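User: I have a model open in front of me and would like to learn how to read it. Could you walk me through it, feature by feature?

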Amino acid sequence: MTAHTILTKLHGRVAADVPRWAVRTAYAITLTTLPSCIWRIAGINLGAPLLEHNSSAPGSPEAPHVFDGGWWYVIGLSVFSEALAFLSFGLVARWGEVWPNWMPGLRGRRVPVLAAVIPAGLGSLVLLIFPYALTMVAFDMKITGEPLGLVIHGWQSVAFWIAYAPLVAWGPLLAVLTVHYYRRRRSARPPAVDSRQTGAALTG
């Protein structure tokens with residue numbers, strides 16, 4: 001089984017008339033969240049030396065107090081963010097245009113354009129918080145203005161920014177893909193038929 005076949009099984013068949021750059025953009029979106037997920041799980045849950053820990057027990061809920069929650073919160077946040085990023089494939093895959101067969105009552109029906117565009121568009125706007133959030137992190141503060149308490153030095157700082165900087169691109173990439181989806185779906189609709197012209201043709 002080739003890598004292309006495995007990826008196709010994961011995200012589904014690409015819709016008709018979707019250019020290659022759009023598919024690559026969807027892949028890029030999923031990759032924007034992956035480094036930060038790995039950093040959180042490795043640094044906080046597994047106690048890797050990616051930051052200064054406040055406890056002698058690596059990976060314990062008390063080490064360190066960067067995220068408001070225990071190990072389960074870090075795992076849940078990582079899974080949730082990656083799942084959200086994966087939804088961008090709905091803008092290029094067939095299941096983003098026709099409801100899948102496993103959805104009773106909707107299976108086989110076309111997905112309304114705005115049903116995909118509105119959530120994706122709002123999501124791209126919300127994701128623009130990342131440039132602001134990372135700017136606050138640079139000053140050791142949360143987005144609320146409270147002290148962050150993240151202690152990193154030297155190569156740890158480099159690793160942190162390599163992991164989190166890609167999140168800045170998530171919102172803009174999703175916005176580009178959303179606009180393309182809207183324009184592609186609208187242009188694919190059959191032209192409206194003027195009933196007056198149809199009536200005249202029948203009577204003529």
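Analyst: Happy to; we will go from the overall fold to single residues. Please keep in mind that this is a predicted model.

User: Let's begin with the fold. How many helices and strands does the protein chain have?

Analyst: There are eight helices and zero strands in the protein chain. Read along the sequence, that gives the pattern α-α-α-α-α-α-α-α. Contacts add to this picture: among those with a separation of 6 or more, 67% join residues 24 or more positions apart.

User: Which residues does the "transmembrane region" annotation cover?

Analyst: The unreviewed UniProt entry gives that annotation to residues 21-42, 70-92, 113-139 and 159-182. You can set such spans beside the model. Residues 70-92 are 70% helix and 0% strand, with their end C-alpha atoms 36 Å apart. For residues 113-139 the helix share is 89%, strand is again 0%, and the end C-alpha atoms lie 41 Å apart.

User: Now the interior. What percentage of the residues count as buried?

Analyst: Of the 204 residues, 35% count as buried. As general background, nonpolar side chains tend to be buried together in soluble globular proteins. In this model, the largest nonpolar core has 35 residues, and those touching the most other members are Trp39, Val92, Leu150, Phe160, Tyr164, Leu177 and Tyr181. Two or more residues each come from H2 (20-45), H3 (71-86), H4 (113-126), H5 (129-138), H6 (155-164) and H7 (170-188). The biggest contribution is that of H2, with seven residues.

User: Can we look at one of those core residues? What is Tyr181 in contact with, beyond its neighbours within four places in sequence?

Analyst: Tyr181 is in contact with Gly90, Leu91, Gly96, Glu97, Val111, Val113, Ala116 and Val117.

User: And Thr178, is that residue buried or exposed?

Analyst: Thr178, which lies in helix H7, has a relative accessible area of 6%; the cut-off for buried is under 20%, so Thr178 is buried. Not counting residues up to four places away in sequence, Thr178 touches Leu91, Val117, Ala120 and Gly121.

User: How do I read the sides of a helix? Which residues of H6 are buried?

Analyst: Look down the axis and note where the buried residues point. In H6 they are Gln156, Phe160, Ala163 and Tyr164. They sit on the same side of H6 because they cover an arc of only 85 degrees around the axis. The face turned away from that buried side carries the exposed residues Trp155 and Ile162. The cover over the buried residues of H6 includes H2 and H5.

User: Then which residues of H5 are buried?

Analyst: Those are Ala133, Leu134, Met136 and Val137. Their arc, seen down the axis of H5, is 155 degrees, so they line one face of the helix. H6 is included in what covers them. Just after H5 comes Asp140, with a positive phi near 60 degrees.

User: Last topic: empty space. How much space lies in the largest pocket?

Analyst: The general idea is that rolling a probe the size of a water molecule over the atoms shows where empty space is left. The largest pocket here holds about 1400 Å³. It is lined by 46 residues, of which Leu77, Ser81, Leu127, Phe130 and Trp170 are the closest to its centre. H2, H3, H4, H5, H6 and H7 each give two or more residues to the lining.

How values were computed
Residues numbered from 1 in each chain as written. Predicted model: local features only at pLDDT ≥ 70, side-chain atom pairs only at ≥ 80, totals over all residues. Heavy atoms only, no water. UniProt positions renumbered as here; feature names shortened; annotations may be inferred. Helix = DSSP H or I, 4+ residues; strand = E, 2+ residues; numbered from the N terminus. Core = buried A, V, L, I, M, F, W, Y, C linked by side-chain atoms within 4.5 Å. Buried < 20%, exposed > 50% of the residue type's maximum accessible area, 1.4 Å probe, protein only. Contact = heavy atoms within 4.5 Å. Arc of directions from axis to C-beta. 1 Å grid on protein atoms, 1.4 Å probe; cavity = no way out; pocket = protein on both sides within 12 Å on 5 of 7 lines; lining within 4 Å. Points joined across faces, edges and corners; volume = space filled by probe spheres on them.
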